[in-house]
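I opened a fresh notebook page for this one. Here is what I looked up, in the order I went through it.

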Amino acid sequence: MCGRYRFTMEQCEEIAQIIQEVQSKFGTQAAEAVRQGEVTPGCKMPVLIASDEGPTPELMVWGFRTPKSMLINAKAETALEKPTFAESARYRHCVIPSTGFYESDGYKRRYHFTLPGEQALYMAGIYDVRGGVPCFCILTTAPNDSMREVHDRMPLVLEREQIEPWLYDMSVTEYFLSMTPPLLDKELLDAQIGLW
């Protein structure tokens, strides 16, 4: 699962470029409203979608609203079968730019995960329009060796060269949904210690 990620342009030229594109497309106010730092579900954030000019940022809310809840993640292994996600998984792919994501283990120790040697970390996602609101979900998959000791799910992280195939080539969807993400670096941030 992925319930928090990091989006910081000060750390990353690619993120700064995405913010500049958001500003030129939607205006300064929209760019300034983009959450910096820790991103939580329900935030309106830039995601990359396919366009004739190449991967292009759009502003979307994190989470698919349903009558009873908000779904922030979709399991890659079953996304093509679940009615809530199937059409988006087949036809509406997006990429969520970040500078890493957060996860806590069973002891409530919090970790920050990043892609080794890279300032940016890109996650595969799907998008839709629910109640007139463009929204996205992050795809998750089984953990690789860098995540297994912390959590039993992880985001479907993409290498840079996988961004355009994921966005533009729907014939490789099933390959991406079954692939193992690259190994990540993890940093222990803090432990949330309970008193009882």
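**Strand β12 and its partners**

I began at one bridge in this predicted model: Val 129 stands opposite Pro 134 in β12. That pair belongs to a larger match, since I find 6 bridges joining β11 to β12, and the two strands run antiparallel. I then checked the link between β11 and β12: they form a hairpin with 2 residues between them, and Gly 131 in the turn has a positive phi of about 60°.

Next I asked which other strands pair with β12. Strand β4 (residues 56-62) does so in the parallel sense over 2 bridges, with Val 61 opposite Cys 135. Strand β7 (residues 73-75) is also parallel to β12, joined by 3 bridges, and there Asn 73 faces Ile 138. Strand β13 (residues 154-155) pairs with β12 in the antiparallel sense over 2 bridges; Met 154 is the bridge partner of Thr 141.

Is β12 enclosed or open? I count it as largely enclosed by the rest of the structure, because 7 of its 9 residues are buried.

**The core**

I looked up the largest nonpolar core and found 59 residues, with Phe 136, Leu 139 and Trp 166 among those having the most contacts inside it. Strand β11 (residues 121-130) gives the most to this core, with 6 residues. For Leu 139, I listed contacts beyond its neighbours within four places in sequence; they include Ala 74, Ile 126, Met 154 and Trp 166.

**Cysteines**

My search of the whole structure found 0 disulfides. For Cys 94, the nearest cysteine sulfur is that of Cys 137, 8.7 Å away. Cys 94 is buried, as its relative accessible area is 0%.

Technical notes
Residues are numbered from 1 along each chain as its sequence is written. This is a predicted model: local features need pLDDT of at least 70, side-chain atom pairs count only at pLDDT 80 or more; totals for chains, interfaces and linings use all residues. Side-chain values use heavy atoms; hydrogens and water are left out. A nonpolar core is a set of buried Ala, Val, Leu, Ile, Met, Phe, Trp, Tyr and Cys residues joined through side-chain atoms within 4.5 Å. Buried means under 20% relative accessible area, exposed over 50%, partly exposed in between (1.4 Å probe, protein chains only). Helices (H or I, at least four residues) and strands (E, at least two) are DSSP runs, numbered from the N terminus. Contact means heavy atoms within 4.5 Å. A disulfide is a pair of cysteine sulfur atoms within 2.5 Å. Two strands pair if DSSP finds at least two bridges between them.
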